[in-house]
Amino acid sequence: MGSQIHAFVTDDNRLRLIAEKVLSGERLSFDDGVALYRSPDILAVGWLANHVREKMNGDVAYFNVNRHINPTNVCVAACKLCAFGRKKGTEGSYTMALEQAWETAASGYTEAVTEFHIVGGLHPDLPLEYFEDLVRGLKERFPQVHIKAFTMVEIAFFAKRSKLSIRETLERLKAAGVDSMPGGGAEIFSDRVRSIICDHKIDGSEWLETARIAHQLGLKSNATMLYGHVESDEDRVDHLVRLRELQDDTHGFQTFIPLAFHPDNTPLEHLPRTTGMTDIRQIAVGRLMLDNFPHIKAYWQMLTPKIAQIALRFGADDIDGTVVEEKIYHDAGATTPQGLRRQGLMRLITEAGRVPVERDTLYRSVTRTEDTFTVAV
Ligand code: V47
């Protein structure tokens, strides 16, 4: 530890105490988390996060070749944070017929995708069978592609609509072919914040309980945190600590993904966008507080490729995938490209001084020959 502490320099006395904990592998407290958000020394916070990142993941930075499918934007929730959802029958609303969803899966770049990322609105009329058929049809057509589908919020909605338990709903979707779950819908767990930004969604405890059941059934998932709206530093730390506690129990989370709020075209349009420093700090604090999460993702679609690249030296070890077509952020004003090819992602990673590794959804490395791939097991 001696030589490491010499490399760590800061004028922030509070951070020096945190550094001692980090370098000796001790878990950080709630108050440490708040101090990390408030430290003026962002480079020192980043140094610590990078130290942990390199200890856990070395020099590797992961990416994947994936495609987003959003089967419907019809949503009963009307969350103030969202520019994607539409009321049924209103202008701009859409719902894909199953054939259309399967065609979307097949379209786009020629590079063979290893993952379909499927999320959508809370449609009042679509039965659970629609989603089972959607997934089953994808598995028939693309048996080698991993299906990462449905947020905890969608699962809770499907369950309520079908009068099934969360467990039964997850079991049915897993039997249809869902392989793992994305991390969306977590937002911020605080009731105060949820009542402002997403008052009709399940609450934080329900999100966590749904994730617990998914993990118990063997479905790995991710976890997100939406920041940069009306939350406080304490709300952010509370969110991270609650994720860490669940992870201690289940070890079912793979990746933490901080998501910067994009206000355009939402009822919260008056709020300013996050700045680069806030985005970078969020990655670093996530890495430091979530000592039991194997991966931290800098989602380039949301952060911009440039900030995502810098994040690879502030705690992140993953930049997500090719995506092909993104709707949720672009409806809220994102100006990032709709997709990036493998070569583009590899260039971002290499120029950040990291070693690019193409992964599948479960972080196994992928080897390519022409337009096919094999996954290391
Ligand atoms: O749940 C919605 C957020 C999430 C806005 O698991 C917004 O690998 C900012 O969860 N501004 C969906 N954020 C995206 C998501 C995700 C993305 C990439 C990878 C993974 C993964 C998951 O986007 C929503 C919500 O938290 N969101 N509207 C907005 N205006």
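The lining of the largest pocket in this predicted model comprises 22 nonpolar, 15 polar and 10 charged residues. In total, 47 residues line the largest pocket, and the space within it amounts to about 880 Å³. Nearest the centre of the largest pocket lie Leu 81, Gly 185, Glu 187, Lys 201 and Ile 328.

Four elements each supply at least two residues of the lining of the largest pocket: helix H7 (152–162), strand E6 (220–227), strand E7 (253–260) and helix H15 (328–331). Of the elements, E6 gives the most to this lining, with 4 residues.

The second largest pocket has a volume of about 290 Å³. Its lining is made up of 13 residues, and those nearest the centre are Ala 156, Phe 157, Lys 160, His 200 and Ile 202. H7 and helix H10 (204–216) are the elements that give two or more residues to the lining of the second largest pocket. H7 gives the most here, with 4 residues.

The table sets out the class counts for the two linings.

| Pocket | Nonpolar | Polar | Charged |
|---|---|---|---|
| Largest pocket | 22 residues | 15 residues | 10 residues |
| Second largest pocket | 8 residues | 2 residues | 3 residues |

Which element appears in both lists of contributors? H7 supplies at least two residues of the lining of the largest pocket, and H7 also gives 4 residues to the lining of the second largest pocket.

Methods. Residues numbered from 1 in each chain as written. Predicted model: local features only at pLDDT ≥ 70, side-chain atom pairs only at ≥ 80, totals over all residues. Heavy atoms only, no water. 1 Å grid on protein atoms, 1.4 Å probe; cavity = no way out; pocket = protein on both sides within 12 Å on 5 of 7 lines; lining within 4 Å. Points joined across faces, edges and corners; volume = space filled by probe spheres on them. Nonpolar A, V, L, I, M, F, W, Y, C, P; charged D, E, K, R; others polar.
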